[in-house]
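This report concerns a single protein chain, shown below with its sequence. It treats selected residues, strand pairing and nonpolar packing in turn.

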Amino acid sequence: MQMEVVVANNGFNTLKINDIFLYSKYRPIEDAEKWIDKEFDDSAESYILLGLGLGYHLMQLAKKTNKDIYVLYFDPKELTIYKENNSSCQSNIHLINRLSAIKFNNKMQVLLHHSWVQAMKGDSKIYEILDTIKRNQMSFKKFGEKMFLNATENIKGYIHKSYPEKKAKTACLVSSGPSLNETISWLEDNRNIEIYAVGSSLKVLLEKGIVPNAVIITDAQDNIQTQLAGNVFNGDLYYLLTANAGTVKAHHGAKYLLCQEGYLLAEEVADKFNLPKLATGGSVATTTFSLLEYKGYENIVFFGQDLGFIGDNTHAAGSTSGKNVQTALRIQSNDASLINTQPNLKTYLRWFNDQCAKTNGKVFNTARNGAVIKNVPLINRGEFENLKA
């Protein structure tokens with residue numbers, strides 16, 4: 001990790017790590033103060049600041065609270081530079097260099113400036129962790145109010161029922177990646193399997209006469225109402241507590257609530273009704289995977305779980321999530337070629353790599369031109385048919 005203390009335009013020190021300025025090169029202290037002022041949540045019970053640097057963010061945070069502040073530094077050199085520029089030793093400040101030293105809880109605010117994410121691009125392991133945290137923070141900031149309103153409405157309309165028992169040993173998780181166009185015919189004979197479709201793939205399945213056992217929705221936004229609107233599907237709907245309440249209300253079939261781990265209101269509902277707290281991973285497919293694991297299927301087979309794409313078409317033809325993009329990100333596919341991807345898809349891929357490496361069941365992939373997922377072998381149609389036997 002390359003670190004360089006330089007003098008900003010106003011005469012104060014600022015810091016570059018891997019050629020990225022962590023603070024303004026004009027007014028570094030004011031820049032740090034403004035960011036903390038904007039991000040600070042007084043209702044939190046404690047704080048974790050990711051990245052120590054020269055301590056400018058920490059100094060402003062310490063002015064605002066006497067609650068515990070954990071500061072994660074990434075390199076011993078960072079700690080040395082900090083101590084050379086600061087003498088603060090407040091008892092509520094804890095400088096650490098490993099996340100395991102922190103007991104995380106729902107009432108802890110995590111603070112991560114985007115410059116640290118950029119600075120850590122050279123260290124793939126740290127970068128992936130920080131990138132995931134930052135994306136989750138940005139998503140929550142953007143949709144947090146809508147999520148809360150949905151949760152409130154969904155709680156009002158909730159009628160408790162236990163999840164249906166599984167009736168097969170193999171579950172198919174159907175997403176709407178481009179490979180679904182190639183493999184959807186495998187699902188026409190659905191004997192001895194159960195099909196769980198993410199909302200954006202429902203239309204594609206129904207047009208082929210394939211009726212899934214269940215549909216899963218997690219998105220808070222109103223535009224997902226098109227996923228179920230006008231469809232004749234009246235089967236089981238699994239919905240996240242914060243999923244779009246209008247879509248949930250409009251569904252005429254059985255409805256089953258999913259409670260996300262780490263969202264305080266959802267955890268309270270889960271405790272009240274003895275429901276599982278599921279790791280959501282940031283997408284409807286990752287949430288569905290957690291549900292299938294909870295249900296205990298022996299085999300989970302991915303359909304349309306590409307996490308990448310050839311050309312510029314991100315989803316299967318006919319999907320309600322399809323769009324064209326241009327991207328420079330490349331990852332390896334199951335046929336050993338390189339395919340395009342997007343930052344959010346790479347985040348989901350990291351989640352699947354982690355979860356599938358420690359799953360109790362067996363997980364298989366049908367996306368020949370999809371991303372390689374660790375511990376998830378590619379299977380052909382014949383091998384899929386053997387799973388159904």
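Counting cysteine sulfur pairs within 2.5 Å as disulfides, the total in this predicted model comes to zero. Two cysteines may be described individually. Cys172 has a relative accessible area of 0% and is therefore buried. Cys356 is likewise assigned a relative accessible area of 0%, so it counts as buried. Cys172 is also among the residues touched by Leu187, and residue 356 is where helix α12 (residues 343-356) ends.

**Nonpolar packing**

The largest nonpolar core holds 73 residues, and within this core Leu187 and Phe302 touch the most other members. The greatest contribution to this core comes from helix α12 (residues 343-356), which supplies six residues. Which residues does Leu187 touch, not counting residues up to four places away in sequence? They are Cys172, Val174, Ile193, Ile195, Leu205, Ile210, Phe303 and Phe384. Apart from the largest core lies another core, of 20 residues; Leu15, Ile48, Leu112 and Trp116 are among them.

**Ser115 and its surroundings**

Ser115 belongs to helix α4, which covers residues 114-119. Is Ser115 buried or exposed? Its relative accessibility is 4%, and because the threshold for burial is under 20%, Ser115 counts as buried. The side chain of Ser115 reaches the backbone oxygen of Leu22 at 3.2 Å. Leu22 also appears in the list of contacts: leaving aside neighbours within four places in sequence, Ser115 is in contact with Ile20, Phe21 and Leu22. Strand β3 (20-21) spans two of these positions, so that the contacts of Ser115 in helix α4 include Ile20 and Phe21.

**Positive phi angles and the β15-β16 hairpin**

Most residues other than glycine have a negative phi. Three residues with a positive phi are collected here.

| Residue | Phi | Location |
|---|---|---|
| Asn18 | about 55 degrees | loop between β2 (13-17) and β3 (20-21) |
| Ala336 | about 75 degrees | turn of the hairpin formed by β15 and β16 |
| Asn375 | about 70 degrees | loop between β17 (362-365) and α13 (381-388) |

The two asparagines also have assigned accessibilities. Asn18 has a relative accessible area of 27% and is therefore partly exposed. For Asn375 the relative accessible area is 51%; because exposed means over 50%, Asn375 is classed as exposed.

The hairpin that contains Ala336 has five residues between β15 and β16. Strand β15 (residues 329-332) and strand β16 (residues 338-341) run antiparallel and are joined by four bridges. Within this pairing, Arg330 has Asn340 in β16 as its bridge partner.

**The chain as a whole**

The protein chain contains 13 helices and 17 strands. It comprises 389 residues, of which 50% count as buried. Among contacts with a sequence separation of 6 or more, 59% are between residues 24 or more positions apart. The accessible surface of the protein chain is about 18,900 Å², and carbon and sulfur atoms account for 48% of this surface.

Definitions and conventions
Residues are numbered from 1 along each chain as its sequence is written. This is a predicted model: local features need pLDDT of at least 70, side-chain atom pairs count only at pLDDT 80 or more; totals for chains, interfaces and linings use all residues. Side-chain values use heavy atoms; hydrogens and water are left out. Helices (H or I, at least four residues) and strands (E, at least two) are DSSP runs, numbered from the N terminus. Buried means under 20% relative accessible area, exposed over 50%, partly exposed in between (1.4 Å probe, protein chains only). A polar contact is a pair of N or O atoms within 3.5 Å; within protein, one must be able to donate a hydrogen and the other to accept it, and residues adjacent in sequence count only if both atoms are side-chain atoms. Contact means heavy atoms within 4.5 Å. Two strands pair if DSSP finds at least two bridges between them. A nonpolar core is a set of buried Ala, Val, Leu, Ile, Met, Phe, Trp, Tyr and Cys residues joined through side-chain atoms within 4.5 Å. Accessible areas come from the Shrake-Rupley method with a 1.4 Å probe; for residues, only the protein chains shown count as cover.
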